[in-house]
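Hello,

Here is the structure I promised to pass on to you. Please open it alongside this message, and then read on for what turned up in it.

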Amino acid sequence: MRAKSDLIDFRSLKQVHIVGVCGTLMGAFAAFLKRKGILVTGSDQNIYPPMSDVLRDAGVELLTGYRKENLMREGVRPDLVVIGNVIRADNPEAIAAIQEGYSYASLPEAMEKLFLQKTRNLVVAGTHGKTTTSSILAHTLVRCKKNPSYFIGGVSYDLPVSFHLEPEEFAESGGGGHTPQLFVLEGDEYDTAFWDKVPKFNHYCPDDVILTSVEYDHADIYPDFPAVMRAFEGLVKRIRPGGRLISCFDYESVRSLSQRAAVPVISYGSRLETGARFTPGNVHYLGERTSFEILDQGKKVGQVTLQIPGMHNVLNALAVWIQCQELGVEPKYIADALNNFKGVKRRQEVKGEVGGVLVIDDFAHHPTAVRETLRALRAKYPTRRLVTAFEPRSATSRRKVFQKDYAAALGEADVVYISAPFDQSRIAADDQFSSETLVDDLKRTGKEAQVFKTVEEGVQVLANASKSGDLVAVLSNGGFGEFIPKLLALLPVRSR
């Protein structure tokens, strides 16, 4: 019988253990608990930066590997065990927590029970742009002195932490005539836990939703695109009365979902032809910055300059501008905050330059994200040869569902290096993505492309082929076997 996690009082927590602690959201939650004086331990199979650095800096005790003994520190039973969505039902720590009567919960459930029923929740959801858009929104509200709480699945340059709760404000929220505190949440459509196979955002009690995009992804849990649509329809229907839906009309799927909303819909997009109310105008890439006008049905109502490149980031910023204006923030303060937003780690993050070779890290793994990232880098660095190293690592990219789409997306680069896919042992042979087929497709379009079987081989080949003035974009949603530090270490040897 499961211990009742709904009886947990946040103020009574003294010790928490987190299984799967190095996921970005799990890690952010662990660091938050530690900052609040709670003893936090966490276990994971794969511990690597940036989250490992964040956790160690926060004072979270990290344990490599999963075993029953990790649950208790010095013989003391934790008040709560939080089990990540990457954890399988055969995990020894999860088995022990469930069978031995520990109080346990998924992270979204813990959030719902501990905080979210009393706050005004601004949920940023969509296949692409969740982390960046929620980071921009939290940064803007902080800078505009709205004192939001926030929970974001990435490490932002502009926010000191990824999980922040305003305790004094929270204590007053939801009653006594006080305005509920704003809570910015990155709304993930991935499933919650092995015992709770629903999207994480089902637990987030949304008041306002920014819906950036809806495409097929997460092929390990969604059998087809209609299943993805049903998940997002559930989010739209959960928006509480008095809320709103801010929808990117560039996607037909989002337009369709917006028709099912029971709350007001505010639309935005890259062009008026989509039916969007808000659009960007006069978009200019000015070296390190991007400027654009904000148009409301074609009429200029604002001007914004960003430090982050790409049309996808223009749209992310536009969504935040709409949300903040709806919250009563003056446009000039929104524009100032957007102008000062520096970005998110692993989103076009510069990792170093050696011998004139600039190396950039990016989390892009879906074909749309790959395409938009490469286009943004091309716009920001127009004089550099654009070289890409891509690891098919996500559950979707390791399957052949987007085999042809990756050729078009990676074709935005000048030279492409593809690793062998990450572990495909659990994927049927006839459903596996082929790096060799991708290279053949790219070569047929005239692109220079090559497969490498190991990280060491790839680093050596790329280092030897790199030239001064190149931009090397390394794309993976995982650690990629420390490809970037190994490449940066080898480049000085090559340049001698």
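Let's start with Y48, which is found in the loop between β2 (39-44) and α2 (51-58). A word of caution before going further: what you have in front of you is a predicted model. Y48 has a relative accessibility of 31%, so it counts as partly exposed. Leaving aside residues up to four places away in sequence, Y48 touches N477, G478 and G479. If you want another landmark, try T396: Y48 and T396 are 348 residues apart in sequence, and their C-alpha atoms are 22 Å apart in space.

A second residue to look at is S291, located in strand β16 (residues 289-296). Is S291 buried or exposed? Its relative accessible area is 10%, and because buried means under 20%, S291 is buried. Its contacts, again not counting residues up to four places away in sequence, are N282, V283, H284, L286, Q303, V304 and T305.

Now for the overall picture. The protein chain contains 15 helices and 23 strands. Its C-alpha atoms fill a box of roughly 65 × 60 × 40 Å along the principal axes. For 496 residues, a compact globule would have a radius of gyration near 23 Å, and the chain agrees with that at 23 Å. Of those 496 residues, 58% count as buried. The accessible surface comes to about 20100 Å², with 49% of it belonging to carbon and sulfur atoms. Contacts across the sequence are worth a mention too: among those between residues at least 6 apart, 68% join residues at least 24 apart.

Helix α4 (residues 107-116) is a nice place to zoom in. This helix is mostly covered, with 9 of its 10 residues buried. The buried residues of α4 are L107, P108, E109, A110, M111, E112, L114, F115 and L116. At the N-terminal end of α4, S106 acts as a cap: one of its side-chain oxygens lies 3.2 Å from the backbone nitrogen of E109.

The aromatic rings are next. How many aromatic pairs does the structure hold? There are 11 aromatic pairs. One of them joins F194 and W195, an edge-to-face pair with 5.0 Å from centre to centre and 85° between the planes. Both residues are partly exposed, F194 at 23% relative accessibility and W195 at 26%. Another pair is formed by F201 and F232, with ring centres 5.4 Å apart and planes at 55°, so this pair is tilted. The F201 and F232 pair links distant parts of the chain: F201 is in the loop between β11 (196-199) and β12 (208-211), while F232 belongs to helix α7 (residues 225-238), 31 residues apart. Both F201 and F232 are buried. Look also for Y104, which ring pairs link with F194 and W195 into a cluster.

Finally, there are two places where a charge meets a ring. The charged end of R77 sits over the ring of Y102, 3.9 Å from the ring centre. Likewise, R393 has its charged end over the ring of F422, 3.9 Å from the centre of that ring.

Happy browsing, and do write back with any questions.

Best wishes

Note on methods
Residues are numbered from 1 along each chain as its sequence is written. This is a predicted model: local features need pLDDT of at least 70, side-chain atom pairs count only at pLDDT 80 or more; totals for chains, interfaces and linings use all residues. Side-chain values use heavy atoms; hydrogens and water are left out. Rings of Phe, Tyr and Trp (its six-membered ring) pair if their centres lie within 6.5 Å; planes under 30 degrees apart count as stacked, over 60 as edge-to-face and the rest as tilted. Buried means under 20% relative accessible area, exposed over 50%, partly exposed in between (1.4 Å probe, protein chains only). Helices (H or I, at least four residues) and strands (E, at least two) are DSSP runs, numbered from the N terminus. A charge sits over a ring if NZ of Lys or CZ of Arg is within 6 Å of the ring centre and within 35 degrees of the ring normal. The radius of gyration is taken over C-alpha atoms; the globule rule is 2.2 Å times the number of residues to the power 0.38. Contact means heavy atoms within 4.5 Å. Accessible areas come from the Shrake-Rupley method with a 1.4 Å probe; for residues, only the protein chains shown count as cover. A polar contact is a pair of N or O atoms within 3.5 Å; within protein, one must be able to donate a hydrogen and the other to accept it, and residues adjacent in sequence count only if both atoms are side-chain atoms.
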